[in-house]
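I opened this model to take notes on its fold, its open and closed spaces, and one residue near the end of the chain. The entries below follow the order in which I looked things up.

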Amino acid sequence: MIKTIAIQGAEGSNHHKVARDFYGNDIQLKECLSFDTLVYSLLDKTSDQAIMALENTIAGSIIPNYALIDKNDLHICGEQYLNIHHHLMALPNQSINDIKEVSSHPMALLQCKTFFKQYPHIKLVEDVDTAEVAKRISNNQLMGVAAIAPKIAAEIFNLEVIEDDIQTMKDNATRFVIIQTEKPNNGIDSIDKASMKFQLDHKRGSLAAILNVLSDCKMNLTKIQSLPIIETPWKYAFFVDVTFDNYKNFEKAKAIIEIMALDFKILGEYKNAKL
């Protein structure tokens with residue numbers, strides 16, 4: 001049975017590339033214009049799983065997505081890292097000097113700002129999605145207009161890459177998680193990473209005590225992110241990722257933290273992906 005995988009953005013986007021890398025080509029894509037829509041597709045069962053960007057080496061954490069996973073009781077069943085490459089593409093047989101306008105997502109434009117300083121004749125226009133611009137250029141046969149998008153978009157929409165890797169920072173990677181509504185049935189032997197969420201009393205040393213537990217149980221802390229609790233000002237939830245070599249050590253850490261922390265929740269236990 002072919003799975004339906006929800007992605008944020010359109011065919012040809014980085015989310016689509018991650019879907020192809022993680023699942024292969026034998027999937028049905030469900031394109032979502034926002035992360036909220038992506039989550040709704042899981043809840044109303046029009047998609048089986050979804051791919052969600054969670055953090056970037058330059059932009060940092062996408063904090064609202066942590067809240068979406070938590071609030072909707074979703075489960076992380078896997079992860080994938082993607083090195084981000086921004087390519088300038090347009091209809092064939094054009095050079096950079098023929099391009100008068102470049103449309104793309106604001107983040108992509110920002111990450112390529114230095115490149116475009118060389119070409120003051122090009123107007124930069126913000127748009128909702130990188131791949132959607134590439135699709136529009138192809139469908140409407142727009143000459144003199146270019147998109148900033150992943151190479152997969154050029155392949156799908158028959159565009160020509162004018163300039164490769166135009167991003168200012170070359171070491172730019174995004175971490176994506178695979179989410180679903182049901183608790184995943186990942187085998188213990190394949191689990192070496194976990195995502196957790198908890199709250200702590202607002203008193204001195206409470207967070208340090210939890211971190212000591214993680215250290216004593218041989219957990220490697222790879223991520224800690226605080227998020228304000230809207231209903232209770234000046235209280236925070238903590239989202240923590242850990243890796244480990246022995247699942248029994250993680251079970252011990254879980255048991256202790258469950259006693260020490262408030263609203264303790266496991267968001268996912270899965271295989272650690274590496275860049």
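What follows are my entries, beginning with the whole chain and ending with a single residue.

**Entry 1: the chain as a whole.** I note at the outset that this is a predicted model. I counted the secondary structure of the protein chain and arrived at nine helices and 15 strands. Taken along the principal axes, the box filled by the C-alpha atoms comes to roughly 65 × 45 × 35 Å. I then looked at burial, and found that 51% of the 275 residues in the chain are buried. For the contacts between residues at least 6 apart in sequence, I recorded that 73% join residues at least 24 apart.

**Entry 2: a five-stranded sheet.** I followed one open sheet across its five strands and wrote down the order β8-β7-β9-β6-β10, with mixed pairing. Why is one side of β8 and of β10 left without a neighbour in the sheet? Both β8 (123-126) and β10 (160-163) stand at the edges, and each has a single partner strand, so one side of each remains without a neighbour there. Ignoring direction, I find that neighbouring strands of this sheet are turned by 35° against each other on average.

Within the sheet I looked more closely at one pair, β7 (residues 101-104) and β9 (residues 145-149), which run in the parallel sense and are joined over three bridges. Here Ser-103 stands opposite Ala-147 in β9. Helix α6 (residues 130-140) packs on the sheet, where I see it touching β6 (87-90), β7 and β9, and the direction of α6 makes about 150° with that of β9.

**Entry 3: the largest pocket.** I next searched for open spaces, and the largest pocket has a volume of about 540 Å³. Which of its 21 lining residues are the closest to its centre? I noted Gln-8, Asn-14, His-15, His-105 and Met-107. Four elements, α1 (14-23), β3 (49-56), α4 (106-111) and β11 (173-180), each supply at least two residues of this lining, and the largest share, three residues, comes from α4. By class I recorded nine nonpolar, eleven polar and one charged residue in the lining.

Since α1 contributes to this pocket, I also checked burial along that helix, and found Asn-14, His-15, His-16, Val-18 and Ala-19 buried. Just after α1, Gly-24 takes a positive phi of about 90°.

**Entry 4: the second largest pocket.** This pocket holds about 270 Å³ of space. I listed its lining, which includes Ala-67, Asp-70 and Lys-71, then Lys-197 and Gln-199, the run Leu-227, Pro-228, Ile-229, Ile-230 and Glu-231, and finally Ala-237 and Phe-239. The elements that give two or more residues to this lining are α3 (63-71), β12 (193-199), β13 (220-228) and β14 (236-243), with the largest share, three residues, coming from α3. Sorting the lining by class, I obtained seven nonpolar, one polar and four charged residues.

**Entry 5: an enclosed space.** How many cavities of 30 Å³ or more does a search of the whole structure find? I found one, and about 60 Å³ of space lies in the largest cavity. Its lining is made of Leu-54, Tyr-66, Ile-69, Ile-76, Arg-175, Ser-195, Met-196, Phe-239, Val-240, Asp-241 and Leu-267. Two or more residues come from each of α3, β12 and β14, and β14 gives the largest share, three residues. I counted eight nonpolar, one polar and two charged residues in this lining. I also marked Phe-239 as a residue that lines the second largest pocket and is listed for the largest cavity.

**Entry 6: Asn-272.** I ended with Asn-272, which I located in the segment after β15 (262-270). Is this residue buried or exposed? Asn-272 has 17% relative accessibility and therefore counts as buried, the cut-off being under 20%. Leaving aside residues up to four places away in sequence, I see Asn-272 touching Glu-79, Asp-192, Lys-193 and Thr-243. As a last distance I took the one to Val-39, which lies 233 residues apart from Asn-272 along the chain, and the C-alpha atoms of the two are separated by 23 Å.

Key: Residues numbered from 1 in each chain as written. Predicted model: local features only at pLDDT ≥ 70, side-chain atom pairs only at ≥ 80, totals over all residues. Heavy atoms only, no water. Pairing = 2+ DSSP bridges. Axes fitted to C-alpha atoms, helices over the stretch in contact; angles between N-to-C directions. Contact = heavy atoms within 4.5 Å. 1 Å grid on protein atoms, 1.4 Å probe; cavity = no way out; pocket = protein on both sides within 12 Å on 5 of 7 lines; lining within 4 Å. Points joined across faces, edges and corners; volume = space filled by probe spheres on them. Nonpolar A, V, L, I, M, F, W, Y, C, P; charged D, E, K, R; others polar. Buried < 20%, exposed > 50% of the residue type's maximum accessible area, 1.4 Å probe, protein only.
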